[in-house]
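Colleague: I should like to learn how to read the features of a structure that is new to me. May we go through it together, one feature at a time?

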Amino acid sequence: MKKIIFIAYLFLLASNSYSQDLSEIKFSNASTLSFFSFLTDQKIVIRVSPDGKITEWGNIWEKGYYNYQPGKLQEYMGRVEYYGTEADSINRGKVKNIGTCYITYYGKFDIATNAGKVKSIGRTYLDYYSNFDNDASEGKLKSAGNTMFAYYNSFDNIAVKGKLKSVGANQINYYNSFDDKKIQGKVKSIGSVNYVWYNSNDRREYQGSLKSGSIEQVINGVKYIMQ
């Protein structure tokens with residue numbers, strides 16, 4: 001019995017060692033979703049666009065380092081391999097592994113809205129909304145492992161439709177078209193964390209910039225970056 005428990009423990013440990021965790025989400029201009037970041041067991045950050053393309057990877061640029069910029073990565077100098085002729089024709093030339101992290105893609109015979117998109121990063125599987133879903137979310141990342149993503153649909157306010165609505169249990173709210181024109185579409189809150197922006201009534205050089213809140217904020221284990 002002890003031997004079975006020990007083997008189960010080793011299996012769980014190995015699984016956790018190779019799991020890739022959602023680590024960051026960035027909004028450009030604090031409004032438009034830019035990418036989802038996943039952190040590998042080797043502490044390599046792999047970034048995926050909302051529609052399932054790998055955009056960049058690298059090592060974390062720790063806060064406090066010289067010339068630190070939120071969201072900036074250090075170049076990864078380790079092993080990177082790409083798919084060749086052995087792969088589906090739509091995935092040839094795409095990155096295959098970064099360090100020890102293996103990456104797969106949906107093929108041309110998969111659902112059309114998934115074809116060519118990232119399917120897995122290490123042990124984390126990714127899925128996407130299909131053409132049977134609301135057109136404002138079609139083709140966008142639906143889940144990464146156990147984390148589900150929802151988006152505002154085409155019937156919502158014009159300033160928020162299509163935007164990321166929730167990450168797991170964290171609800172994301174935005175200033176809508178009835179708010180000041182300088183802050184329309186910007187993130188208003190994520191979970192219990194609020195963001196306040198200078199509006200058109202403030203000094204011109206401040207308008208649209210962050211008044212209250214943090215450019216980088218960790219909420220339930222995920223870092224949200226507003227730039």
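Colleague: Leaving aside neighbours within four places in sequence, which residues is Gln207 in contact with?

Modeller: Contact means that heavy atoms lie within 4.5 Å. Beyond its neighbours within four places in sequence, Gln207 is in contact with Lys182, Tyr198, Asn199, Ser200 and Asp202. Please note that this is a predicted model, in which local features need pLDDT of at least 70 and side-chain atom pairs count only at pLDDT 80 or more, while totals for chains, interfaces and linings use all residues. Residues are numbered from 1 along each chain as its sequence is written, and side-chain values use heavy atoms, with hydrogens and water left out.

Colleague: Which backbone oxygen does the side chain of Gln207 reach at 2.9 Å?

Modeller: A polar contact is a pair of N or O atoms within 3.5 Å; within protein, one must be able to donate a hydrogen and the other to accept it, and residues adjacent in sequence count only if both atoms are side-chain atoms. Here the side chain of Gln207 reaches the backbone oxygen of Asp202 at 2.9 Å, and that of Ser200 at 3.3 Å.

Colleague: Where does Gln207 lie, and is Gln207 buried or exposed?

Modeller: Strands (E, at least two residues) are DSSP runs, numbered from the N terminus. Gln207 lies in the loop between strand E17 (196-197) and strand E18 (210-212). Buried means under 20% relative accessible area, exposed over 50%, and partly exposed in between (1.4 Å probe, protein chains only). Gln207 has a relative accessible area of 22%, so this residue is partly exposed.

Colleague: How does Asn114 read in these terms?

Modeller: Asn114 counts as buried because its relative accessibility is 4%. Asn114 sits in the loop between strand E8 (101-105) and strand E9 (118-121). Not counting residues up to four places away in sequence, Asn114 touches Tyr106, Asp127 and Tyr128.

Colleague: How should I read the sheets?

Modeller: Strands of a sheet pair through backbone hydrogen bonds, either parallel or antiparallel. Two strands pair if DSSP finds at least two bridges between them. One open sheet has eleven strands in the order E6-E7-E8-E9-E10-E11-E12-E13-E14-E15-E16, with antiparallel pairing. Its edge strands, E6 (80-82) and E16 (193-194), each pair on one side only.

Colleague: How many bridges join E15 and E16?

Modeller: Strand E15 (residues 187-190) and E16 pair over two bridges in the antiparallel sense. Ile190 stands opposite Val193 in E16.

How values were computed:
Helix = DSSP H or I, 4+ residues; strand = E, 2+ residues; numbered from the N terminus.
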